[in-house]
There are 2 protein chains.
Amino acid sequence: MARIKIEKNGSRKELIVGKAASLFREKGFKASSMRDLAEAVGVEAASLYNHIKSKTELLHELCFGVANRFMQHMDETESKKITALQKVEDLIRFHIAEMIEHYEEVYVSDREWKYLEDPYLSNFQNQRRMYRKRFAAIVEEGMKQKQIKKMDAPTVVLILLHAIGGIESWHRSTQKINADALTENMVSMLVGGLKP
Amino acid sequence: MARIKIEKNGSRKELIVGKAASLFREKGFKASSMRDLAEAVGVEAASLYNHIKSKTELLHELCFGVANRFMQHMDETESKKITALQKVEDLIRFHIAEMIEHYEEVYVSDREWKYLEDPYLSNFQNQRRMYRKRFAAIVEEGMKQKQIKKMDAPTVVLILLHAIGGIESWHRSTQKINADALTENMVSMLVGGLKP
DNA sequence: GTAATAAACTAACGAACGTTAGCAATTAAT
DNA sequence: ATTAATTGCTAACGTTCGTTAGTTTATTAC
C-alpha cells in the first residue's frame, strides 16, 4: 500500500491532474476511464477520489488553468505600447510557446472542453468568445493603421489560432525540427500572410 | 412500425451514415451512443444493425469516404500543368470547399479517426502520412522555383491544413461572412504567407 | 508512544453501453 | 394471393463505467 510519490513542489492532486492531461490528450476525455488514470498514477481507481471530486473536475482544472493563462497574457499584450501588428505577433508567439511547453494541457483544453458541464461549459465558452473578440479587435486596429491588409478580422483570428494548433502534429512527429526553427517558420508564414 | 423514409438517391445505410456524421461531429464518437443515433434516425437502436455491422463501421465509412476524395484530388492536382504555387493554391481551395460543403464528414474524419481499429487505423494513418508527404513535396518544389519562400516544408503543410480546419468555427458562428468571401480571405492570407 | 489525519485498499452499486436473439410487420417478387 | 426478403420491434446479454461505503495502513502532530 505504498503512497504516491510526490515531487518537491506539488500536491498529489496536481500529480493526478498532470497524468490526466496526458491521458486525455492521448485517448480523449470520454475514452479515458478512471481505471486507466488510476493505473497511470499507480493506484486503485477508488483511491483517486481521496484527492478529486469527479472525473469532470479534472477537466475543469485543465481547461481553466489554460484559459486563465491566456487571458492574463491578453491583458498584458493589450497594455503594451507597441503597434497592433506587433501585438498580433506577440500573441502568436505566446500561443506557440504555450503549445510547445504545455502541450498536453493546451491540447486537451482546446479539443475536449465540450465535455465540460454547465455552468463551467458556458463560462468557458464565454471566455473563449471574449478572447477571440479582443484578438480580432487588435487585428482590426492593425488594418486601420494599414499594418495589416483588409480582411474579415474574425476569420483572420480563426485561421491564426487553428494554424498554431498544427503544432500538435509537430509534437507527434519523429523527425521534428527544433522548437526555435518551428517558431520562426510559423511566425514568418503567419505574420507574412497578414501584411498588405 | 413505419420504415425509415428514403430520399430518391441513397440507401438506408447511407442515411444512417449521414446521421452518424452529424451526431459524431456534435458530440464526438465516443460520447455518441447507438441509442442517440437511433433516435436521430427515428428507429430503435437494435434496428440499426439490420443495416450496419457495428458502430466502428460507421466511422470507417466516414473516414475513408473523405480520405478517398482527398487522395483522388491529389492525383488530379499533381498531374496538372501549372506551377507549384498554383498547385498549392489548388489544394487549399479544395480543402476549403470540402470543409464548407461536406463539413460534418470532413470534421469527423479529422478529429475522430483515432477511434478506428486496426487494420483500418494503420491504413488511415498511412494514407494521411502519404498525403502530407505529397503535399510537402509540392511545397518544396515551389521553394526550389523561388515561388515560395524557404521554410520547413512539412511545417508549412501542417500550418495550412490546420488553418483550414478553422472553418469549423466559421460553421458554428452566427454572424458568418459568406462562403466566397471566407474562401478568398483564407486563400489570400495563406498563399500570401508563402510568398517570398 | 499515542492519537489524529491522510491516503490507500476491497467490494460493490446502479447506470449506460454495444450488440444479439427471436419475432412481427411491411414490402417485393412470383 | 402466396412466398420470400427486408426492416422494424421488444427483451435481454455481458461489459464497462463513474462513484460510494467501509476498512486498513501509513504518516504526521503532540
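Which residues are closest to DNA strand C? They are A:Glu44, A:Asn50, A:His51, B:Met34 and B:Tyr49, out of 22 residues that surround the strand; a residue is near a strand if one of its heavy atoms lies within 4 Å of it. Of the atoms of DNA strand C that come within 4 Å of the protein, sugar and phosphate account for 62%.

Before going on, please keep in mind that this is a predicted model, in which local features need pLDDT of at least 70 and side-chain atom pairs count only at pLDDT 80 or more, while totals for chains, interfaces and linings use all residues. Residues are numbered from 1 along each chain as its sequence is written, chains are lettered from A and ligands numbered from 1 in the order in which they are written, and side-chain values use heavy atoms, with hydrogens and water left out.

Let us stay with the DNA for a moment. A base nitrogen of DNA strand C lies 2.5 Å from a polar side-chain atom of A:Asn50, and B:Arg35 has a side-chain N or O atom 2.9 Å from a base nitrogen of the strand. At B:Lys55 a polar backbone atom is 2.9 Å from a phosphate oxygen of DNA strand C.

Now turn to where the two protein chains meet. Chain A and chain B each bring 37 residues to the contact (heavy atoms within 4.5 Å). About 2,800 Å² is buried between them, and carbon and sulfur atoms give 62% of that area; buried area is the accessible area (1.4 Å probe) that two parts lose on being put together, summed over both. A:Ile159, A:His162 and A:Met189 supply 23% of the area that chain A buries against chain B, more than any other three residues. The count of salt bridges between chain A and chain B is zero, a salt bridge being a side-chain nitrogen of Lys or Arg within 4 Å of a carboxyl oxygen of Asp or Glu.

Over all chains, though, the structure holds 29 salt bridges. Side chains of opposite charge can pair when their charged atoms come close. One pair is A:Arg172 and A:Glu168, whose closest N and O atoms are 3.6 Å apart. Because these two are four residues apart in helix H8 of chain A, about one helical turn separates A:Arg172 from A:Glu168. A:Arg172 is partly exposed, at 42% relative accessible area, whereas A:Glu168 is buried, at 9% (buried is under 20%, exposed over 50%, partly exposed in between; 1.4 Å probe, protein chains only). Finally, A:Lys13, A:Lys53, A:Glu57 and A:Glu61 are linked in a salt-bridge network.

Key: A polar contact is a pair of N or O atoms within 3.5 Å; within protein, one must be able to donate a hydrogen and the other to accept it, and residues adjacent in sequence count only if both atoms are side-chain atoms.
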